[in-house]
Amino acid sequence: MQAVVLPALGGRLISLRHSSREFLWHDPSLLDDAFRPRVPVTPQPAGSPMESWQNWGGDKSWPAPQARGIADVGWHGPPDDVFDGGVYEVLDRRSEDTIRLRSAVDARTGLQQTRTIVLTDVGARIKTTITNRSTQPRTFAPWEVMQVAVDVEDETNGAIEVECAGGCRVAELVRWWGHVRIARKRDAVSIGFGDAVAKLGFPDATGRVRCRFADGARLALSFTPSPVAPESAPFQLWLQTPLARAPEDSGGWRPMHRLIELEPVGALTDLAPGESASVTADWTLLAEQRRSPTRVPKLRSGT
């Protein structure tokens with residue numbers, strides 16, 4: 001198992017590999033194969049248009065809920081020069097498989113984020129903590145966003161299976177383009193990878209999610225869901241496929257890459273000054289090679 005973390009680019013986990021198989025997506029026009037920026041790093045402040053967003057990729061942490069406009073209550077969303085695009089301080093690097101990072105304080109939300117990334121024998125454990133550094137009460141939830149690489153074969157032969165209780169409800173939070181392929185089972189709902197640019201929420205999620213890729217690789221997520229997550233959806237899923245033009249209401253942003261986002265969301269919490277809330281996600285990887293030699297976990301920190 002190998003991983004690369006970029007503290008200077010939003011404290012993100014940009015690479016997570018097992019048996020030479022990469023699971024995370026990054027934008028190849030922004031980062032080269034060694035995860036060095038190809039272009040100047042220009043974090044955009046709150047209120048900047050979506051088309052100016054440098055979406056580097058990987059796994060990152062945001063606070064929820066996300067505001068739909070700069071005047072709305074909530075985090076303004078990307079582009080952002082603190083959580084998504086800011087420089088994180090490395091607080092702790094006790095071993096080659098653990099790193100703890102901390103963002104600056106966001107002026108609008110009053111929040112500061114801490115990310116703890118631990119590489120394991122089977123994947124990674126990522127803990128996101130938000131702390132209210134303002135002098136006023138704030139209501140937010142910790143939110144992890146893992147961007148996963150998808151290819152053309154996955155769009156027809158891959159699937160995301162979300163384990164659920166009750167009626168396996170699926171809430172359409174955003175749909176900018178296309179049709180989402182949904183198949184319900186007794187205790188899970190299966191979602192196709194492609195043919196849509198959309199955001200789905202899963203109110204009945206149990207905290208166990210599995211992804212099956214066309215090459216035989218598997219990715220599993222485990223976390224503890226909260227009944228008071230934002231939008232009543234403790235697990236959220238973003239589907240994206242390239243489009244020739246920007247969808248209506250997207251702020252000028254045009255999807256140019258295939259990827260999915262797996263998003264465990266913590267409890268929406270009333271935070272008094274100084275108080276914190278956390279969400280922990282366990283990621284398990286299985287590459288296409290069914291048998292692989294034992295590897296010592298290795299986590300590398302880049303710029």
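Here a biologist and a modeller talk through a few features of this predicted model.

Biologist: Let's start with the sheet. How many strands form it, and in what order do they sit?

Modeller: The general idea comes before the case. Strands of a sheet pair through backbone hydrogen bonds, and the pairing can be parallel or antiparallel. In this structure, 10 strands form an open sheet, in the order 5-6-7-8-20-16-15-10-13-12, and the pairing is antiparallel.

Biologist: Which strands are at the edges?

Modeller: Strand 5, residues 89-95, and strand 12, residues 182-184, are the edge strands. Each of them pairs on one side only. As for the angle, neighbouring strands of this sheet are turned by 15° against each other on average, if you ignore direction.

Biologist: Can we zoom in on one pair? Over how many bridges do strand 7 and strand 8 pair?

Modeller: Nine bridges, in the antiparallel sense. Strand 7 covers residues 111-119 and strand 8 covers residues 123-132. To find your place in the pair, look for I117, which stands opposite I126 in strand 8.

Biologist: Now the peptide bonds. Where are the cis ones you mentioned, at A64 and P65 and at P78 and P79?

Modeller: Omega is the angle to read here. The bond joining A64 and P65 is cis, with omega about 5°. From P78 to P79 the peptide bond is cis as well, with omega near 0°. Both P65 and P79 lie in the loop between strand 4 and strand 5, and strand 4 itself spans residues 59-64.

Biologist: And phi? Which sign does it have at S19?

Modeller: Positive, about 55°, although S19 is not a glycine. You'll find S19 in the loop between strand 2 (12-18) and strand 3 (21-22). F35 is another case: its phi is positive, about 65°, and F35 is not a glycine either. F35 sits in the loop between strand 3 and strand 4.

Biologist: Are those two buried or exposed?

Modeller: The cut-off for buried is under 20% relative accessible area. S19 counts as buried because its relative accessibility is 8%. F35 has a relative accessible area of 9%, so F35 is buried too.

Biologist: Last one: pockets. What is the volume of the second largest pocket?

Modeller: Rolling a probe the size of a water molecule over the atoms shows where empty space is left. The second largest pocket has a volume of about 290 Å³. It is lined by 17 residues, and the closest to its centre are D27, W53, W253, R254 and M256.

Biologist: What kinds of residues make up that lining?

Modeller: Eight are nonpolar, six polar and three charged.

Key
Residues numbered from 1 in each chain as written. Predicted model: local features only at pLDDT ≥ 70, side-chain atom pairs only at ≥ 80, totals over all residues. Heavy atoms only, no water. Pairing = 2+ DSSP bridges. Helix = DSSP H or I, 4+ residues; strand = E, 2+ residues; numbered from the N terminus. Axes fitted to C-alpha atoms, helices over the stretch in contact; angles between N-to-C directions. Buried < 20%, exposed > 50% of the residue type's maximum accessible area, 1.4 Å probe, protein only. 1 Å grid on protein atoms, 1.4 Å probe; cavity = no way out; pocket = protein on both sides within 12 Å on 5 of 7 lines; lining within 4 Å. Points joined across faces, edges and corners; volume = space filled by probe spheres on them. Nonpolar A, V, L, I, M, F, W, Y, C, P; charged D, E, K, R; others polar.
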